[in-house]
Amino acid sequence: MEVFQENVKKYHSQTVRLTKILSRLSLLRLLTFIISSTILITSFSYKLFTIFYIVFPISVLIFAVLLHHYTKRVYLKKHTAFLKKINEQEILRIHCKLGEFDAGDAFINHHHPYAFDLDIFGQHSIFQLVNRTTTEPATDLLSK
């Protein structure tokens, strides 16, 4: 259980750090856009086309690099939040707090004579305890 709690703390701190990084990258993208737009408009209005042709590709490249880094950090933040959620769910399972997990009610065979006695599906069932699936086909396979 301590492993899961340590992981939750670790992933929470990583999520906070990534949120700060994303904010900085957003601000940098905005500043890049404003500064390069100002330079481009000014150089175009004063007919300084050489500056315009130099600044335009550089500003587009800088913006693209910042956008690429931002996109990577967004994915990493989502992944870290998912890992945190997995560890939180494991803590809930250890404490037998299964209420928020899928009970597998759709898979209950009402015609089976022992289906309800064995607690295979339903609240506080074996299915709730062992189900770690994230896709519908995997859930179907586990239910079989």
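**Exercise 1.** In the crossing where H1 passes H2, is the hand left or right?

Solution. The model is a predicted one. In it, H1 passes H2 in a left-handed crossing.

**Exercise 2.** Work out how the directions of H1 and H2 relate, starting from the angle between their axes.

Solution. Two packed helices are described by the angle between their axes and the distance between the axes. Helix H1 covers residues 2-45 and helix H2 covers residues 49-94. Their axes come within 8 Å and cross at roughly 165 degrees. Angles over 145 degrees count as roughly antiparallel. H1 is therefore roughly antiparallel to H2. Sorted by class, the contact of H1 with H2 has 27 nonpolar, 14 polar and 6 charged residues.

**Exercise 3.** Describe the nonpolar surface patch and find which element gives the largest share of it.

Solution. The patch has an area of about 1100 Å², and its residues include Leu 27, Phe 33, Ile 39, Tyr 46, Phe 63 and Leu 67. H1 and H2 are the elements that give two or more residues to the patch. The largest share, 7 residues, comes from H1. Leu 67, one of the patch residues, lies in helix H2.

**Exercise 4.** State how many salt bridges the whole structure holds, then place the pair Glu 88 and Lys 84 along helix H2.

Solution. The search of the whole structure finds 3 salt bridges. Side chains of opposite charge can pair when their charged atoms come close. Glu 88 and Lys 84 form a salt bridge through their side chains, at 3.8 Å from N to O. Because Glu 88 and Lys 84 are 4 residues apart in helix H2, about one helical turn separates them.

Terms used
Residues are numbered from 1 along each chain as its sequence is written. This is a predicted model: local features need pLDDT of at least 70, side-chain atom pairs count only at pLDDT 80 or more; totals for chains, interfaces and linings use all residues. Side-chain values use heavy atoms; hydrogens and water are left out. Axes are lines fitted to C-alpha atoms, for helices over the stretch in contact, and angles run from 0 to 180 degrees between N-to-C directions. Angles under 35 degrees count as roughly parallel, over 145 as roughly antiparallel, 65 to 115 as roughly perpendicular and the rest as oblique. A crossing is left-handed if the near helix is turned anticlockwise from the far one by less than a right angle, and right-handed if clockwise. Ala, Val, Leu, Ile, Met, Phe, Trp, Tyr, Cys and Pro count as nonpolar, Asp, Glu, Lys and Arg as charged, and the others, Gly among them, as polar. Patches are made of residues with over 30% relative accessible area and no salt bridge: like charges are joined within 9 Å, nonpolar side chains (Val, Leu, Ile, Met, Phe, Trp, Tyr) within 5 Å. Accessible areas come from the Shrake-Rupley method with a 1.4 Å probe; for residues, only the protein chains shown count as cover. A salt bridge is a side-chain nitrogen of Lys or Arg within 4 Å of a carboxyl oxygen of Asp or Glu.
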